[in-house]
Structure formats: C-alpha cells, structure tokens
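Got the viewer open? Here's a walk through the model, one selection at a time.

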Amino acid sequence: MRLPPDSLAFQMLAAAAAVRGVNEGSALPQAIEAACAQYRLERTRDASARGALQDLAYRTMRQFGTVRALVTRMVSRPPGALVDSLLAVALTLLIEGDKEQGQDGAQGGGQGGYAAFTVVDQAVNAAASDPKSAHARGMVNAVLRRFLREREALLAEVRRDEEARWNLPAWWLRLLREAYPDRWQALAGSASERPPMTLRVNTARVALDDYLARLAAAGIAAERVGPQAVRLARALPVAQVPGFDSGEVSVQDAGAQLAAPLLEIADGQRVLDACAAPGGKTGHLLELADVELTAVESDAARAQRIDENLARLHQRAQVVIGDASRPQAWWDGKPYDRILADVPCSASGIVRRHPDIRWLRRESDLGKLVNEQRRIVSQLWPLLKPGGILVYVTCSIFPTEGEEQAQWFGAQLPDAIRLQAPGQLLPGSIPNGVADGGTGSHDGLPSDHDGFFYARFQKRL
Ligand SMILES: C[S@@+](CC[C@H](N)C(=O)[O-])C[C@H]1O[C@@H](n2cnc3c(N)ncnc32)[C@H](O)[C@@H]1O
C-alpha cells in the first residue's frame, strides 16, 4: 500500500529510512537524499513532504541516544532495522510532544507537535504499509502505547545512562567534562537544541538596518546578532528569504562570519582559501575586498558548490580541486598575502546543525584530524609572504583541535607571531571564558553562534 506523501505515516516511514541510513554509516544529508530517491520524492513536486521528512530525521538524530535506549529497553527481540528506526522517529515525536504540549500530550500544536494518538496511529499505518515492516505493526502499537502509559518511569530509567540522557556518546561527554569542568552540562544540552537560522548581509550592497526593515515589511521577525549577521526568529526555506537569490544575503552562522574580517584583507591582495567548500567564507572574503582569490578544495563534488555559491553572489575566484597539504600539485609559486585555513575537524561545535555527526564520529578520528590539521597548516605556511597573515579555524570545541593546536603552530611555524583572535567560541549563548593563549579577547563577538576556534599568525617581516 502506497501512503500519500502528505501523510504523517509516509513521512515517518521515509524519515525512518534516513535514520537507518545514518545507523549504517551514511551522513544524514546523503541518507535523506537516498530516502527521497527510495520513496520517489521529487525536489519540486514533493518539496513539502521532503521538508517534513528532513525535519523528522533531524529531530530524531537529536534525541537518538534516548530513543535508541527506549527501544532497547522495551523490545526484547530486535525488530529489524526499518522498524527499529520507525520506533525511534515515533518516540522522538512523543517525547517532543511532551515538551510542547504538557503532560497529557493529547493536544496538537507547538512546532511540529502532533497529538500522541495521531503519532501512534500513523506509526502503525507506516509499519503496515511496507512489506518489510508489516509483520511488526502490532509490536509498534504495543511499544508506543506502553511508552505513553509508562513514559516518566521509562525515561527516568533509560536516562540513568548518560548517553541516553545527553544524547551524546560517552567518549564525547568525557572530553567535554575534561575540557569544561564547570560548563560541560550546558554544552552537552546545547547539542540537542535547534540552531538559529542566521544570514550574512552584504553590507556593501544593502545597509543592515535597511535589510532589517525589508524583513519587517515582509512579516519576517529578525534581529541583528553581529556586524553583518541577522538571526531569523524562525527558519525559512532560502527561496523565501528576501535578497537570497540576488546574492544580497547568504545563510551563514554568526560565528563563521568572523573568519573573513580576521584576515584584514585589502584590495589587490592575493588570498588563499585553503579548505574552501561549500564556499561560505570564500563568498564573504570576496564581498569584503577586491582580491585575487584561490579557493582550494579536495572534494570535487563539494568544490562544485563553491562555483554555485559564487555564481549567486556574482563573484569570481579560481577554484582548484586539490589537497591543501600538497601545494606542490597546485601552487603557482607566487606567495599569498593572506591564507585562510578552515581545516577539516570533528565538527563538535556545529552539532546543533549536524546532529548525526556525534553518532558517526569515533574518538579515534580525533588523532587523525589533529595530524591532518598540522600537515595542512605546516605545508601552507611557506606559501605566505613575510608580513602576511594566516587564520586557523575549526568548528570544534575540543581543545586538541583548538588552543593546543595553536600552541603547536606557534612553536613549530618558523617566524610566526601569534596575533589577537577570538580563541574558543562556545556554541549558543554559553559564555566563553576559555583561555585564549594570552592573546586577549576579541571585541564585537556575535551573541548566538556555533562553536568555533580562531587563531591568527603573522609571518615576521
Ligand atoms: C570546514 S569545511 C570548510 C568550510 C568552508 N570554508 C566554508 O566556509 O564554507 C572543510 C573543507 O575542507 C575540505 N578538505 C578536507 N581535507 C582537505 C585537504 N587536505 N585539502 C583541501 N580541502 C580539504 C573538506 O572537503 C571540506 O569541504
């Protein structure tokens, strides 16, 4: 039986397929694409069903520690991968329904809130509609109803385990506790929050206040959160964001918007953006000055997104598919005035936006990333002119990728002077208060942003 795409049952089933994909090792965006292909959801015709699937899958990833523990607790015989994931999606809705609707869960409402009986009914329909899960529809019904009857006791029981309580792997929590003994709980909690949608306004084309007025006239609530950053009260599809198609604004987190200004670029300079895709910071650099910019990216598919982004902004750069740690393969031999090294990292600072990352990463990835970051920066440093500036960025909150790396670079890079930089930015509105290597704090920090680490080095003249 094919369910209608606008039914919750269909959307839960497709979201379950995406969640199963992550369980099997895919990144969530790819898992969602695969689920859309499997359920024949077209980009334009089925935009609303695709949006609903995506929303359900992202929400489930944020609650995955809790819902996985609940399934293990309530189901004695493993139900199979699809049913397992369907239960995870349905339990997420029931848990979030509690938050949004109060105790009885019987009223719809809130953001994406569904009445509890609707969730159960639709989950059973979803199971019944697919031959791979139809056998389990009675079990789905029984498990969800039991959860509704016993939810306080069940949640209290499974949340004794910290992975289920915080929705983060145990090794991740250990690293947070070690690095931030007095703030780790706030950090762990923020990983399950919904991130804000933040825009970067190209203030060379439209003044920030004028853009805020334009949003207000369109009935879009927003506030300024940085020199060029505007946070929307509610996320919107980009097609509905005024000025997006014409390149006046881009979607970019307020913390990410610090990178380009920190390079202090001027017209005519040669600038290298070494790990550039999808080109968020490339576009920002090109908006700030008329520079000769080379954007290097090792992943060819992702490099294409730099071209797409720059085309929307009416900007140009030389996009090179190459490995930043092997400049001999792509460098033309002319030194750069500025280098941005936005290196690959654990992405522990952006888990609000990418809730699958925590379930896909392994602790052993960290050492490999640290080595790769060192290799990239060490190989880029000789490409910098004397007097030039290199900005090192990660979207991580683990000190091994942040302050510890900055100290290593300061000691290892010949002729490097460490300049003032924001250091560690913690996500959300958690105060930073983290050692920044004695470089002092940086004024003008935005008020709500993802987690980043910034360090700057100048080559002695
Ligand atoms: C943090 S993301 C960059 C985000 C980008 N700067 C922006 O603002 O939109 C890191 C990028 O580096 C790329 N990458 C990873 N290893 C690389 C390498 N050795 N050389 C060049 N690019 C690399 C990844 O594919 C990824 O696109």
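Which residues of helix 9 (residues 170-179) are buried? Select that helix and you'll find Trp171, Trp172, Leu173, Leu175 and Leu176 tucked away. Keep in mind as you click around that this is a predicted model.

**Stop 1: around helix 9**

Now bring up what covers those buried residues: the cover includes helix 8 (162-166), helix 10 (184-190), helix 15 (357-360) and helix 16 (363-380). Zoom in on the two tryptophans next. Tryptophan 171 has a relative accessible area of 14%, and tryptophan 172 has 1%. Both count as buried because the cut-off is under 20% relative accessible area.

The structure holds 11 aromatic pairs. One of them is tryptophan 171 with tryptophan 172, a tilted pair with 5.5 Å centre to centre and 50 degrees between the planes.

**Stop 2: colour by domain**

Zoom out and colour three ranges: domain 1 (8-166), domain 2 (197-251) and domain 3 (256-459). If you drop a centroid on the C-alpha atoms of domain 1 and another on those of domain 2, the two centres are 33 Å apart.

**Stop 3: the sheet of 4 strands**

Select strands 1 to 4 next. They make an open sheet with the order 2-3-1-4 and antiparallel pairing. Strand 2 (222-224) and strand 4 (249-251) are the edges; each has a single partner strand, so one side of each has no neighbour in the sheet. From one strand to the next, the twist averages 30 degrees.

For a close-up, take strand 1 (residues 197-201) and strand 3 (residues 229-232), an antiparallel pair with 4 bridges. Leucine 199 has valine 230 in strand 3 as its bridge partner.

**Stop 4: the sheet of 7 strands**

Move on to the other open sheet, where 7 strands run in the order 7-6-5-8-9-11-10 with mixed pairing. Here strand 7 (318-321) and strand 10 (416-425) hold the edges, each with a single partner strand, so one side of each lacks a neighbour in the sheet. Neighbouring strands of this sheet are turned by 15 degrees against each other on average, ignoring direction.

Start with strand 8 (residues 336-342). Buried or exposed? 7 of its 7 residues are buried, so strand 8 is largely enclosed by the rest of the structure. Strand 8 pairs in the parallel sense with strand 5 (residues 270-273) over 3 bridges, and aspartate 273 has leucine 340 as its bridge partner there. Strand 8 also pairs in the parallel sense with strand 9, over 6 bridges. To see one of those contacts, pick aspartate 342, which stands opposite valine 393 in strand 9.

Now slide along to strand 10. How many of its 10 residues are buried? The count is 7, so strand 10 is largely enclosed by the rest of the structure, even though it stands at an edge of the sheet. Strand 10 and strand 11 (residues 452-459) pair in the antiparallel sense over 7 bridges. Two spots to label: arginine 418 sits opposite phenylalanine 457 in strand 11, and alanine 416 has lysine 459 in strand 11 as its bridge partner.

**Stop 5: helix 17 and the rings**

With the sheet still showing, add helix 17 (residues 403-412). Helix 17 packs on the sheet, touching strand 9 (384-394), strand 10 and strand 11, and its direction makes about 10 degrees with that of strand 11. Then show the side chains of Tyr392, Trp408, Phe409, Phe453 and Phe457, which form one aromatic cluster. You've already met Phe457: it is the residue opposite arginine 418.

**Stop 6: Cys395**

Where is cysteine 395? Look in the loop between strand 9 and helix 17. UniProt lists Cys395 for "active site", in an unreviewed entry. With a relative accessible area of 15%, cysteine 395 is buried.

Finish by selecting what cysteine 395 touches. Leaving out residues up to four places away in sequence, the contacts are Cys345, Ala347, Ser348, Gly349, Ile350, Gly451 and Phe452.

Note on methods. Residues numbered from 1 in each chain as written. Predicted model: local features only at pLDDT ≥ 70, side-chain atom pairs only at ≥ 80, totals over all residues. Heavy atoms only, no water. Pairing = 2+ DSSP bridges. Axes fitted to C-alpha atoms, helices over the stretch in contact; angles between N-to-C directions. Contact = heavy atoms within 4.5 Å. Domains from an automatic or database assignment. UniProt positions renumbered as here; feature names shortened; annotations may be inferred. Buried < 20%, exposed > 50% of the residue type's maximum accessible area, 1.4 Å probe, protein only. Phe/Tyr/Trp six-rings, centres within 6.5 Å; stacked < 30°, edge-to-face > 60°.
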